[in-house]
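Reader: Please take me through the packing and the internal spaces of this model. Keep it brisk.

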Amino acid sequence: MQDALHLSRRQSLQGLVVLGAGAALGGIVRPSPVWAQDISDEDIFRFALNLEYMEAEYYLRGTTGKGIDAADAGSKPGDVVGGKQVSFETPAIGEFMQEVAENELAHVRFYRKTLGTNAVDRPAIDFDAGFKAVAEAAGLGADFDPFGNETNFVLGGMLFEDVGVTAYAGAATVLKDKDFLAAAAGILAVEAYHMGMARSTLYRKGEEAWKAANAVSDARDKIDGSEDDDQGIQVDGKANIVPSTPDAIAFTRTPREVLRIVYLTDKDGVSKGGFYPEGMNGTLKST
């Protein structure tokens, strides 16, 4: 961790303005955003598969040193840049991350099996460029490496897990097929377990980790929309492991809001960038 982590919310958001980039969670919660009504269940599952590819690649590379096998990536997969095996100081955290990697790979396989010939191939993914922009925007320092140590790796995972939970919560409002909805609800629960583990692990790491996680949250909140939705792991001097509405309900994001985060842009009409240098595959691919 760098001294640059100790930035104020204002400073971290100013960094985003310069970069036109950012990343995830913060305070006042608005009503659920509106999804387009003409999105098919298959469109939503293909969108989710793009996200699961990224999560699986991240956790597999961090825990095993290699990513998804060719058999699970599609016939014409994009390249993946970045990632290496992490040296875990805490055996339990290494085991947590290994379980998450297995879960995310299982999600990829589930979507590919369910969609069959309609499954999209793995898109091109760039962890180096994506995390560089996030780190600069959040004030984590120019040399921040999510694969450099266990704390950084869990912090990078929090970026994905928080977004995944809100994306699945949003999808649950529009899925039509009961079987698809049941599957999405089950995967949402798993992603929420991951999120709770990541956030609680970071909280136990102490003040420096709190500030880093909150800086990532502030950065993410800057670009996903005009409202202040995101919540860090510490709010008003207390632990905030479960980001939610005042009724303790997880808030939702639309595909556009998710794409703003993973493309690292606050602009409309953007179809690539950030972690996806060539964009997502499928119908839902533009902010």
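**Core and cavities**

Author: Tyr276 touches Asn50, Leu51, Met54, Pro123, Ala124, Ile125, Val262 and Tyr263, leaving out residues up to four places away in sequence. Contact means heavy atoms within 4.5 Å. This is a predicted model: local features need pLDDT of at least 70, side-chain atom pairs count only at pLDDT 80 or more, and totals for chains, interfaces and linings use all residues. Residues are numbered from 1 along each chain as its sequence is written, and side-chain values use heavy atoms, without hydrogens and water.

Reader: Which helix gives the largest share of the largest nonpolar core?

Author: A nonpolar core is a set of buried (under 20% relative accessible area, 1.4 Å probe, protein chains only) Ala, Val, Leu, Ile, Met, Phe, Trp, Tyr and Cys residues joined through side-chain atoms within 4.5 Å. The largest has 77 residues, with Phe127, Phe275 and Tyr276 making the most contacts inside it. Helices supplying at least two residues include H2 (41-64) and H5 (150-171); helices are DSSP runs (H or I, at least four residues), numbered from the N terminus. The largest share, 12 residues, comes from H2.

Reader: How many charged residues line the second largest cavity?

Author: A cavity is a set of points on a 1 Å grid over the protein atoms alone where a 1.4 Å probe fits but cannot get out, and lining residues have an atom within 4 Å of a point. The lining here includes Glu52, Glu55 and Tyr168. Asp, Glu, Lys and Arg count as charged. The lining divides into six nonpolar, one polar and, as charged residues, two.

Methods:
Buried < 20%, exposed > 50% of the residue type's maximum accessible area, 1.4 Å probe, protein only. 1 Å grid on protein atoms, 1.4 Å probe; cavity = no way out; pocket = protein on both sides within 12 Å on 5 of 7 lines; lining within 4 Å.
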